[in-house]
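User: Hi! I am new to protein structures and would like to learn how to read one. Could you walk me through it step by step?

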Amino acid sequence: MKIENRRDEIIKSAAILFKERGYSAVTMRDLAKAMGIKAASLYNHIQSKQEILASIIIKLAEKFTTGMDTIVNSNKNAIEKLERIIELHIDVTLSNADGLASLNNDWMHLEEKNLQYFEKMRVDYEEKFRSIVREGVAKKEINSYNIEIMVFSMLSTLRTLYLWYPKKDEIDAEILKRDMISVLLKGIIPNKH
């Protein structure tokens, strides 16, 4: 079992508190109390609450960006790429549901430099997602629905998975992947041949 260093423990504890209360409502003193240490001890490992937030959000955004780049550059068709994107979201959610709360709800609290970097990653990610859907429509792999509606429907579901899944721990991760891919990409109406 890998032993986490103190900085990682602080970031993990902060992510939980940020998810429960929101970034603005959490103080360094709250974080120290939750960890059972003195507030001054936190500053031996971390400079500020802002550093913690940036660490959580940027690390996750980069994970999504790297995953998306790998998917986009693959030789897979549009449907296979969308399947990989769904799996990427599920994998990241299962490994860091608490951090995703900050990514989705607290990103606007990032300091300017990190905020610009995050917003660029987010815009690029969404555009790559959109281009995969466009490609699928153009090649007749995907029905010709409104592209913005398709992208919104899939991304809004995937981005809020962190809220829903931790309450459904009886659902196996592989079943979640299989069924979410089917529902998001094939719908719930039986295929009639």
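Analyst: Happy to! Keep in mind that this is a predicted model. Let's begin with a single side chain: tryptophan 164 has a relative accessible area of 35%, so this residue is partly exposed.

User: How do I read such a percentage, and is its neighbour tyrosine 165 buried or exposed?

Analyst: A residue counts as buried under 20% and as exposed over 50%, with partly exposed in between. Tyrosine 165 has a relative accessible area of 12%, so tyrosine 165 is buried. Over the whole chain of 193 residues, 38% count as buried.

User: Both of those residues carry rings. What do I look at when two rings pair up?

Analyst: A pair of aromatic rings is described by the distance of the centres and the angle of the planes. There are four aromatic pairs here. One of them joins tryptophan 107 and phenylalanine 118, with 5.8 Å from centre to centre and 35° between the planes, which is a tilted arrangement. Tryptophan 107 sits in the loop between α6 (97-105) and α7 (112-138), while phenylalanine 118 belongs to helix α7, so their pairing ties together parts that are eleven residues apart in sequence. Tryptophan 164 and tyrosine 165 make a tilted pair too, with ring centres 6.3 Å apart and planes at 50°.

User: Are tryptophan 107 and phenylalanine 118 buried or partly exposed?

Analyst: One of each! Tryptophan 107 is partly exposed at 21% relative accessible area, whereas phenylalanine 118 is buried at 3%.

User: What else can lie over a ring, say that of tyrosine 23?

Analyst: A charged side chain can. Here lysine 49 lies over the face of tyrosine 23, at 4.2 Å from the ring centre.

User: Let me zoom out. How many helices and strands does the chain have?

Analyst: Start by listing the elements in order. This chain has ten helices and zero strands, so the pattern along the sequence is simply α-α-α-α-α-α-α-α-α-α. The C-alpha trace spans about 65 × 40 × 30 Å along its principal axes.

User: And how do I tell whether distant parts of the sequence meet?

Analyst: Look at how far apart contacting residues are in sequence. Among contacts in the chain with a separation of 6 or more, 68% are between residues 24 or more positions apart.

User: Which residues have the most contacts inside the largest nonpolar core?

Analyst: That core has 59 residues, and those with the most contacts inside it are Leu31, Ile52, Ile85, Phe129 and Val133. Helix α4 (residues 49-72) gives the largest share, eleven residues. Try selecting isoleucine 52: leaving aside residues up to four places away in sequence, it touches Ile10, Ile11, Ala14, Phe18, Met28, Leu31 and Ile46.

User: What about the empty spaces?

Analyst: Ask whether a space is open or closed off. The largest pocket holds about 510 Å³ of space. Its lining has 17 residues, and Asn143, Tyr145, Leu185, Lys186 and Gly187 are the closest to its centre. At least two lining residues come from each of α5 (78-95), α8 (147-159) and α10 (173-186), and α8 gives the most, with four.

User: And which spaces are closed off?

Analyst: The structure holds one cavity of 30 Å³ or more, and the largest cavity has a volume of about 190 Å³. Among its 13 lining residues, the closest to the centre are Phe64, Leu103, Arg122, Tyr125 and Arg159. Two or more lining residues come from each of α4, α6, α7 and α8, with α7 giving the most, four residues.

Notes. Residues are numbered from 1 along each chain as its sequence is written. This is a predicted model: local features need pLDDT of at least 70, side-chain atom pairs count only at pLDDT 80 or more; totals for chains, interfaces and linings use all residues. Side-chain values use heavy atoms; hydrogens and water are left out. A nonpolar core is a set of buried Ala, Val, Leu, Ile, Met, Phe, Trp, Tyr and Cys residues joined through side-chain atoms within 4.5 Å. Buried means under 20% relative accessible area, exposed over 50%, partly exposed in between (1.4 Å probe, protein chains only). Contact means heavy atoms within 4.5 Å. Rings of Phe, Tyr and Trp (its six-membered ring) pair if their centres lie within 6.5 Å; planes under 30 degrees apart count as stacked, over 60 as edge-to-face and the rest as tilted. A charge sits over a ring if NZ of Lys or CZ of Arg is within 6 Å of the ring centre and within 35 degrees of the ring normal. On a 1 Å grid over the protein atoms alone, a cavity is a set of points where a 1.4 Å probe fits but cannot get out, and a pocket is an open set with protein on both sides within 12 Å along at least five of seven lines; lining residues have an atom within 4 Å of a point. Grid points are joined across faces, edges and corners, and a volume is the space filled by probe spheres set on the points.
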